[in-house]
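Here are some exercises to work through with the model open beside you. Try each one before reading its solution.

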Amino acid sequence: MTYQLEEKNRDFRWQGCQGPFSLITEEQAASWNDAGYFLLEGVLSEAQLAMLEQEIDPLEAKTNQYLRSLEDGRMFIARADELTFSTHIVLKSEKVKAFVREQLFVDLTRDLMGDGVRLYWDQAVYKKPGTPQEFPWHQDNGYTYIEPQDYLTCWIPMTDATIDNGCPWVVPGVHRHGTLHHEATELGFQCLKDPEGAVPVPAKAGDIVVFSSLTPHRTGPNLTDSDRKAYIVQYAHDGAIGYPRGTDAEISQDDPDRQFVIST
C-alpha cells in the first residue's frame, strides 16, 4: 500500500495505550494499539439512544431544510436529502452535553489517552435513504490538522449500522504512520483509494465504534429505505492545537463552551 504523509507530520511515534484499564479489555487494547480501532458493544441503553434521537432529530431536520434552501442543495460536503452534518450539538442540548461527560467516556478516554482530555468536536451525521455515494477514505486528522495528532473518535450508531446502510470501514495498522496527505474531492477529503486489507465494522444501536483520528476509514452508500443515523464524539488531549487548512493560524482547542475538560 502506498501513501504520502502530511507535510506537518514529522517524527510521529504512535504511543498506544498501556494499562491498567478501567473499562476496556486487554483484547480491545491490543486492537487499538495494532489496528487502530475496536468495537465497544452494548454500552448504551435504549433510554440514552432515545434521548439522542429526541435531541438531535429536530436539529438535523433544520440542517436538511437549510441545505434544501441553497441553490445547489449542498454546502461543502453536506448534501440535502443525502448526507447532513449537524455540528456542536453540545451547544444546543444540555442533555447531550451531559451525555458526552458521562463516566463511560471518562473511563474510555483515560484508558486510551491518559489524563487531561477535552471534548474536541461533536456532530450528528445522517446518511439518507437511497444515497448511492460513499464517504471517501480519510483520517479525521486530515480535515483540521491537530497536534497531538492522536485524538479519539467515538462513532455512535443511533440506528443499526450495516454494510447496506453505510457502516464504517477501516484500514487496520495505517494509524501508526500518523497523518497522511489528503486530496480534496467532491465528496470529501481522501487519503487512500481502494486500500488493501479494509474491513467493515457493522455496529448495532447501543455499540460504539472506537477508532483513532489517524485510522483511515470510510462509510459506504445507504441502499436501504431508512436513515442511517450516527452521533460522533471526539476527544483530544488538553493543550491540543489546531492548524486550519489554508491558513497560518494556530488555534488552541479549548473553547470552554464546547471543548470542555472531561478528565483531569
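Which residue of β16 does Glu 147 stand opposite? Glu 147 stands opposite Ile 241 in β16.

A word on the ground rules: this is a predicted model, in which local features need pLDDT of at least 70 and side-chain atom pairs count only at pLDDT 80 or more, while totals for chains, interfaces and linings use all residues. Residues are numbered from 1 along each chain as its sequence is written, and side-chain values use heavy atoms, with hydrogens and water left out.

**Exercise 1. Place that pair in its sheet, and find the edge strands.**

Step 1. β7 and β16 (residues 241–243) pair in the antiparallel sense over 3 bridges. Two strands pair if DSSP finds at least two bridges between them. Helices (H or I, at least four residues) and strands (E, at least two) are DSSP runs, numbered from the N terminus.

Step 2. The open sheet has 3 strands in the order β7-β16-β17, with antiparallel pairing. β7 (145–147) and β17 (251–252) each have a single partner strand, so they stand at the edges, with one side of each left without a neighbour in the sheet.

Step 3. Now look just past β7. The peptide bond joining Glu 147 and Pro 148 is cis, with omega about -5 degrees. Pro 148 has its place in the loop between β7 and β8 (152–157).

Step 4. For comparison, find the cis peptide bond that joins Gly 19 and Pro 20, where omega is about 5 degrees. Pro 20 is found in the segment before α1 (26–35).

**Exercise 2. Describe the overall fold in numbers.**

Step 1. Count the elements: there are 4 helices and 18 strands.

Step 2. Check the dimensions. The C-alpha trace spans about 45 × 40 × 35 Å along its principal axes. A compact globule of 264 residues would have a radius of gyration near 18 Å, and the 17 Å of this protein agrees with that. The radius is taken over C-alpha atoms, and the globule rule is 2.2 Å times the number of residues to the power 0.38.

Step 3. Ask how much is covered. Buried residues make up 54% of the 264; buried means under 20% relative accessible area, exposed over 50%, and partly exposed in between (1.4 Å probe, protein chains only).

Step 4. Ask how far along the chain the contacts reach. Of the contacts with a separation of 6 or more, 85% are between residues 24 or more positions apart; contact means heavy atoms within 4.5 Å.

**Exercise 3. Trace the partners of β5 and explain why it is largely enclosed.**

Step 1. Strand β5 covers residues 117–127, and 10 of its 11 residues are buried, so the rest of the structure largely encloses it.

Step 2. With β15 (residues 228–237), β5 pairs in the antiparallel sense over 10 bridges. In that pairing, Lys 127 stands opposite Arg 228.

Step 3. Strand β4 (residues 83–87) also pairs with β5 in the antiparallel sense, over 5 bridges. Here Gln 123 in β5 is the bridge partner of Thr 87.

Step 4. Finally, 2 bridges join β5 to the antiparallel strand β18 (residues 261–263), where Arg 118 stands opposite Val 261.

**Exercise 4. Examine two helices: where does Leu 52 sit, and how covered is α4?**

Step 1. Leu 52 is found in α2 (residues 46–69). Leu 52 is buried, with a relative accessible area of 0%.

Step 2. Beyond its neighbours within four places in sequence, Leu 52 is in contact with residues including Val 96, Phe 99, Ile 156 and Tyr 231. The C-alpha atoms of Leu 52 and Ala 124 are separated by 9.7 Å, though these residues are 72 apart along the chain.

Step 3. Turn to α4 (residues 103–113), which is mostly covered, with 9 of its 11 residues buried. Among them are Leu 104, Phe 105, Asp 107 and Met 113. Gly 114 follows α4 and has a positive phi, near 85 degrees.

**Exercise 5. Inspect Asp 11 and Asp 194: are they buried or exposed?**

Step 1. Asp 11 lies in the segment before α1, and its phi is positive, near 60 degrees. Asp 11 is exposed, at 70% relative accessible area.

Step 2. Asp 194 lies in the loop between β11 (188–190) and β12. Its phi is positive too, about 50 degrees, although Asp 194 is not a glycine. Asp 194 is exposed, at 74% relative accessible area.
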